[in-house]
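Visitor: Please choose one part of this model and take me through it closely. I would like to know how it is placed among its surroundings.

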Amino acid sequence: MNIKIVCVGKLKEKYFKLGIAEYQKRLQRYCKFQIVEVPDEKAPESLSSAQMTAVKEIEGERILQKIKDKEYVFALAIEGQERTSEKFAQEIQQLMTYGKSDITFVIGGSLGLSPAVLRRADTQISFGRFTLPHQLMRLVLTEQVYRAWTIIKGLPYHK
């Protein structure tokens, strides 16, 4: 099983890096896990609607270049479907059962994901209606992927 997170921007904070590294280490026994960063598009603080669209399109093109046709794609979007940890684990297990061995999660930049990325996604997933910094979302997603594996394997991590 190959699991990849494609995300916009660099991870800056050391504490996020340490947390993600810990879960990456734990995930090594269950899957090949990688994080692929694409550059964020530099933009002024206040943007017009057209400028926002342009930034999302540029970032979207960068994201799509990192996704292969065979990959099953989860787009993280506030409008996506919320899942419990158990349902998420079940979904990953079903994907494995049906031969989907390449799963990719996409985290957009501060403006969100382009329509092209959302169309490419096989499903949209939401971690709630809160807006979270995308750096924090990487940590939360990595932990939930690890949690899903512990549920699949019947380990006591998830209680």
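Guide: Axes here are lines fitted to C-alpha atoms, for helices over the stretch in contact, and angles run from 0 to 180 degrees between N-to-C directions. With that, take helix α3, which lies across β3, β4 and β5 and runs at about 155° to β3. The model is predicted: local features need pLDDT of at least 70 and side-chain atom pairs count only at pLDDT 80 or more, while totals for chains, interfaces and linings use all residues. Residues are numbered from 1 along each chain as its sequence is written, and side-chain values use heavy atoms, without hydrogens or water. Helices (H or I, at least four residues) and strands (E, at least two) are DSSP runs numbered from the N terminus.

Helix α3 covers residues 85-97, 13 residues in total. From its first C-alpha to its last it reaches 18 Å, close to the 18 Å expected at 1.5 Å a residue (1.5 Å times one less than the number of residues). Six of its positions are buried: Ser85, Phe88, Ala89, Glu91, Ile92 and Leu95 (under 20% relative accessible area; over 50% is exposed, in between partly exposed; 1.4 Å probe, protein chains only). They sit on the same side of α3, because they cover an arc of only 160° around the axis, taken from the directions to the C-beta atoms. An α-helix has 3.6 residues a turn, so residues three or four places apart point the same way.

The buried residues of α3 pack against strands β3 (72-82), β4 (102-107) and β5 (123-126), and also against helix α5 (134-152); contact means heavy atoms within 4.5 Å. Just after α3, Gly99 takes a positive phi of about 80°.

Now the sheet behind the helix. It is open, has 5 strands in the order β2-β1-β4-β3-β5, and its pairing is parallel (two strands pair if DSSP finds at least two bridges between them). β2 (32-38) and β5 stand at the edges with a single partner strand each, so one side of each has no neighbour in the sheet. On average, neighbouring strands are turned by 30° against each other, direction ignored.

At the β5 edge, β3 and β5 pair in the parallel sense over 5 bridges, and Leu76 stands opposite Ile125 in β5. At the β2 edge, β1 and β2 pair in the parallel sense over 7 bridges, with Val6 opposite Val36 in β2. Beside Val6, Ile5 also lies in strand β1 (residues 2-8); at 0% relative accessibility, Ile5 counts as buried. Leaving aside neighbours within four places in sequence, Ile5 touches residues including Phe105, Ile107 and Leu141.
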